[in-house]
Each structure stands twice: as structure tokens, then as C-alpha cells.
Amino acid sequence: MAKSKTQYVCNACGYETQGWMGRCPSCRAWNSMIEEKIETATTGGKPSMRKNWVGDEGVVALTDVAAEAKSRFSSGMKEFDRILGGGFVDGSLVMVGGPPGIGKSTLLLQICNLIHKEGTILYVSGEESKSQIRMRATRLGIDSPSISLCSQTSYEYISEIISTQRPSLCIIDSIQTLYSEELTSPPGSISQAREVTAGLLRIAKSLMVPIVLVGHVTKDGTLAGPRVLEHMVDTVIYFEGENSGPFRMIRAVKNRFGSTGELGFFEMTDTGLKEVENASTLLLSGRPINAPGSVVTSTVEGTRPVFVEIQALLSPSSFTSPQRMAQGIDRSQIGMLLAILEKKFSLGMNNFDAYINVVGGLRIDERACDLAVLAAVFSAYKDIPVRSDTMVIGEVGLTGEIRPVDQIERRVGEMRHLGFSFCVVPGANRQALEKISKNIASNTRTNTPEHAILSMPEFIFVDSLSEAIDVLFSFDNVKQSTRGAK
Ligand code: TYD
Ligand code: MG
């Protein structure tokens with residue numbers, strides 16, 4: 001007989017405790033404890049879904065184990081393959097997370113249609129009826145008999161279907177709607193999500209069927225409950241940014257079969273998600289030209305450079321401690337940068353609320369954009385624009401020194417091609433940049449499209465914040481150019 005007992009689980013991090021607490025001691029979230037009934041181990045009952053999927057319980061020497069050759073197949077979308085590390089791996093469990101309405105179901109349905117692999121694709125939806133999915137498919141121009149639909153939420157039923165059908169890919173939309181009849185806790189609870197994911201992991205590995213789970217993320221950016229699932233699955237992919245504009249970004253935060261950090265870019269159109277090849281062009285489209293408070297910088301996402309506009313707005317503060325709001329960049333980084341600016345220029349920043357925004361919903365997780373943020377703030381303060389054909393790159397140290405940035409070669413490519421004539425860069429990156437410029441100059445075929453992309457802007461090397469501000473805001477120091485930014 002199964003015994004049940006009550007426990008409390010944190011909805012945000014999965015921390016378990018016997019008694020209720022107002023605040024989770026692990027992740028410090030308030031009011032996140034949810035009561036759950038759990039079944040204790042049974043003797044003679046149904047086998048646990050968590051049973052070992054490896055099949056053999058024995059211990060073997062490392063050298064006696066045959067290395068598994070990973071067989072991959074393409075998702076049919078270059079951007080999605082890049083995130084997966086080259087395509088779906090047989091037997092892998094992938095979780096695709098994102099806020100409701102961002103395009104998870106749309107993307108996965110499109111992928112079902114693009115996969116060129118023998119066999120059927122099973123699309124299990126616990127959220128939409130079959131006819132609703134058909135309507136969406138028709139809208140997306142999808143009409144393939146190799147896609148099988150199933151509107152079910154019972155884990156036992158779904159596992160049976162996967163075992164008998166053996167599809168070449170299975171999509172589960174979403175993990176929060178699935179429940180196991182063996183457990184008494186309600187669908188969407190952490191115990192259910194955890195047990196069902198463990199069961200699906202066992203099925204994926206034993207039948208070598210790749211399974212994609214959809215997971216809904218709450219407003220504050222955590223997967224509702226299933227954040228605790230991240231360690232179980234092989235790959236975790238999140239949709240980033242807002243779902244108000246047409247731009248969508250996906251990123252792998254964990255990947256057992258490839259690298260993380262790569263970003264995939266898509267545009268939501270009326271016929272579904274379209275891959276975006278040159279994200280910089282899209283991110284900079286509609287950029288105000290020569291507007292105070294707007295500066296462009298170059299970040300590196302995985303292996304690609306992405307140009308983004310950083311905007312700053314200052315307004316007189318009516319609070320004793322001024323507001324610091326940041327979108328797409330860490331707020332503590334902004335606090336530190338404003339303190340450096342204050343120390344160097346005594347602008348009275350304490351009298352201003354500061355709003356910093358990375359345009360397009362991109363999140364920058366590196367320090368190479370420090371100088372661009374400060375240039376945007378200074379520009380907003382003085383109401384003087386930074387020339388819009390100027391790119392600003394550099395990390396700013398606490399004493400106001402400009403520190404070198406990594407992957408400078410990647411960051412500066414394509415600048416000229418996109419209409420940037422000048423680039424303010426750290427002096428410490430001089431050697432690397434001069435080497436590239438020399439290599440390009442020695443290339444005699446100057447009128448090829450490759451050369452247009454590779455040709456460099458004029459570099460302005462700076463070693464301190466004061467020097468950078470001097471260069472950016474005294475126009476005589478920057479040669480006037482007739483070339484306008486696109
Ligand atoms: P959806 O894939 O249902 O989101 P999720 O599964 O992440 O909750 O996407 C829904 C949104 O996408 C909806 O607001 C409408 C929009 N959309 C389009 O703009 N074009 C399309 O072709 C489709 C199918 C959806
Ligand atoms: Mg959906």
C-alpha cells in the first residue's frame with residue numbers, strides 16, 4: 001500500500017520542507033511554498049517511473065563501455081540547429097521554455113513540418129484540441145500526413161503511444177499539463193512535472209526517441225515549477241526578450257550535446273516564425289539618427305557579433321534615492337557604471353532617475369558594453385548626440401580605465417558594411433586590430449563583397465573614460481565624414 005504524506009515544495013527552486021514557510025530558505029522567494037501530497041515508496045506496488053533507464057544495473061570499467069555514436073538529424077531550421085549544436089540527437093530530451101504567447105507551439109509545429117527523417121512525428125498537446133492545432137497548421141501552410149496529433153494529458157497514455165508508435169520525434173506541449181495517474185498531486189505541480197519528466201527521460205533513452213518538452217515560464221522569468229527539471233533534461237532552450245515586437249530570440253542555457261551561449265534569431269510574421277540571418281540589421285532598423293542618449297555597441301553572442309543600440313534617459317528625480325531602471329542589462333552593473341561616471345565628472349547623478357534600455361529585447365551579459373552605456377548616459381545628460389556612424393566598445397574599470405575586450409576581431413567585422421565609419425575601442429586591443437587591418441590591406445582584391453564586409457572602420461583607441469568622452473563629444477577630434485549610417 002502506498003502511504004501518502006504532505007510536504008511543501010518551493011515553486012521557484014524545488015526546495016522541499018516538512019512545514020510551510022513564508023520565504024524559501026534556498027532561493028529566498030516569498031510565498032513560493034506549495035503543499036503537495038507525496039507517495040512514499042511502496043513494496044509490491046507499481047514500479048516507480050524513476051527506475052533506471054540504462055537497463056543494466058551492473059558496474060563496468062570505463063574502458064569496457066562502448067562509446068555511443070551520436071546520431072543527429074537536422075530540425076530543418078539553421079537557427080534552431082545552431083542552438084542544438086547541430087540538430088536533434090536521438091534519445092535526447094530537450095526543454096523549450098518561454099512565456100505564454102511567445103511562439104513555442106508555433107516554432108515546434110513548423111519544425112515538425114521541416115524535419116526530413118523517415119517515420120512520423122508525434123505532436124502531443126494538452127493545451128489545444130486537434131482541430132485547433134490543424135487550424136494553426138493550415139495558417140502556417142503545414143499539411144503533412146507524417147505529423148500525428150494527440151490531445152492527451154495522461155502520462156501513462158502518452159508513454160504507451162510513444163512506445164507503440166516509436167516516432168522519429170515527439171513534441172509534448174506542455175509539461176505543465178501532463179499528469180501521472182500514479183500520483184495524487186494535481187497537474188502542474190512540481191512533483192507531477194518532476195516524475196513525468198523522469199518517465200519521459202527513461203522513454204527517450206530506452207527507445208532512442210528525441211522528445212521536446214514545452215515549459216511555460218512565469219513573468220519573473222522562472223519556469224513555473226519546472227526550473228527543477230533543468231538538471232534532468234539534456235538541453236534547455238529559452239525564448240528571450242519581449243513578445244510585443246516581432247523579434248524573437250532563443251538561447252540554449254544548457255546543452256549536453258553542444259555549446260551554450262549561441263543565440264538564434266527569428267521574426268514573427270503572419271505565417272509563423274522566420275529565421276533572421278542578419279540580426280544586427282533588424283536590431284538597428286528604426287534607430288534614431290544623431291539622437292542624444294543613443295549609442296551603438298557590438299556584443300558577441302556565441303560565435304556571432306550582434307550590433308545593438310543602447311539608449312539612456314535621465315529625468316530629474318523626486319525620490320531621495322534616485323531610480324535606476326535597466327532593460328536587457330544588469331541593474332547592479334548600471335549602478336556601478338554611474339558611480340564611476342559621477343566620480344570622474346561630478347555630474348550630480350544623484351539628482352536624476354536613470355533609465356537604460358538595450359533596444360530589441362536582447363540581454364547583454366558582458367562588460368564590453370560598459371563604455372557604450374556611459375557614452376549614452378553622458379550624451380543624454382549633455383543633450384549632445386554621439387555620431388551615429390560611430391560604434392563604441394570597451395569595458396570600464398573602477399578607476400575609469402578602459403579595459404580590453406575579448407573576441408575583438410569578431411566584434412569589428414561587418415561594421416563598415418553596416419555604415420559605421422568610426423569605432424572607439426580600448427587601447428589595449430590596438431595590436432590585434434592593427435594586425436587585422438594590415439591583413440586586409442595586403443589583400444589586393446578590394447572590390448569583392450567579402451572585402452566590403454571585412455573592411456574596417458577607422459579605429460580610435462582610448463585608455464581612459466575621460467579620453468573616450470573627449471573623443472566622442474568634441475567633434476573636432478573625430479574626422480567629419482560624409483558617410484551616413486544606414
Ligand atoms: P504560440 O506559438 O501559441 O505561443 P506559445 O505556444 O509560446 O504560448 O504563439 C502565439 C502567438 O503567435 C500569438 O499571439 C499569435 C502569434 N502568431 C503569429 O503572429 N503568426 C502566426 O503565424 C502564428 C501561428 C502565431
Ligand atoms: Mg503553446
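**Note on salt bridges, a surface patch and helix 5**

1. Glu395 pairs with Arg367 in a salt bridge whose closest N and O atoms lie 3.9 Å apart. This contact ties together distant parts of the chain, since Glu395 belongs to strand 20 (residues 395–396) while Arg367 sits in the loop between strand 18 and helix 8 (370–382), 28 residues apart. The model is a predicted one, and the distances given in this note should be read with that in mind.

2. On the cover of this first pair, Arg367 has a relative accessibility of 28% and therefore counts as partly exposed, given that the partly exposed class runs between the buried limit of under 20% and the exposed limit of over 50%.

3. Glu395 also takes part in a salt bridge with Arg403, where the N to O distance is 4.0 Å. The relative accessible area of Arg403 is 38%, so Arg403 is partly exposed.

4. A further salt bridge joins Arg430 to Glu434, with 3.5 Å between the closest N and O atoms. Both residues are part of helix 10 (residues 430–441), and they are four residues apart, which is about one turn of the helix. Arg430 counts as partly exposed because its relative accessibility is 39%, and Glu434 falls in that class because its value is 37%.

5. Turning to the wider network, salt bridges with shared partners connect Arg367, Asp370, Glu395, Glu401 and Arg403 into one network. In total, the structure holds 19 salt bridges. As general background, side chains of opposite charge can pair when their charged atoms come close.

6. Which residues make the nonpolar surface patch of about 270 Å²? The patch is made by Leu313, Met325 and Tyr355, and Tyr355 is located in strand 18 (residues 352–358). With a relative accessibility of 33%, Tyr355 counts as partly exposed; this value is enough for the patch because membership requires over 30% relative accessible area.

7. Helix 5 (residues 190–207) contains 18 residues and spans 26 Å from its first C-alpha to its last, which is close to the 26 Å expected at 1.5 Å a residue. Helix 5 is also mostly covered, with 17 of its 18 residues buried. Just after helix 5 comes Met208, which adopts a positive phi of about 60°, and a colleague checking the backbone may wish to look at Met208 in the structure above.

Technical notes. Residues numbered from 1 in each chain as written. Chains lettered and ligands numbered in written order. Predicted model: local features only at pLDDT ≥ 70, side-chain atom pairs only at ≥ 80, totals over all residues. Heavy atoms only, no water. Patch = residues over 30% accessible without salt bridge, like charges linked within 9 Å, V, L, I, M, F, W, Y side chains within 5 Å. Areas by Shrake-Rupley, 256 points an atom, 1.4 Å probe, with all protein chains shown as cover. Salt bridge = Lys/Arg side-chain N within 4 Å of Asp/Glu carboxyl O. Helix = DSSP H or I, 4+ residues; strand = E, 2+ residues; numbered from the N terminus. Buried < 20%, exposed > 50% of the residue type's maximum accessible area, 1.4 Å probe, protein only. Expected span 1.5 Å × (residues − 1).
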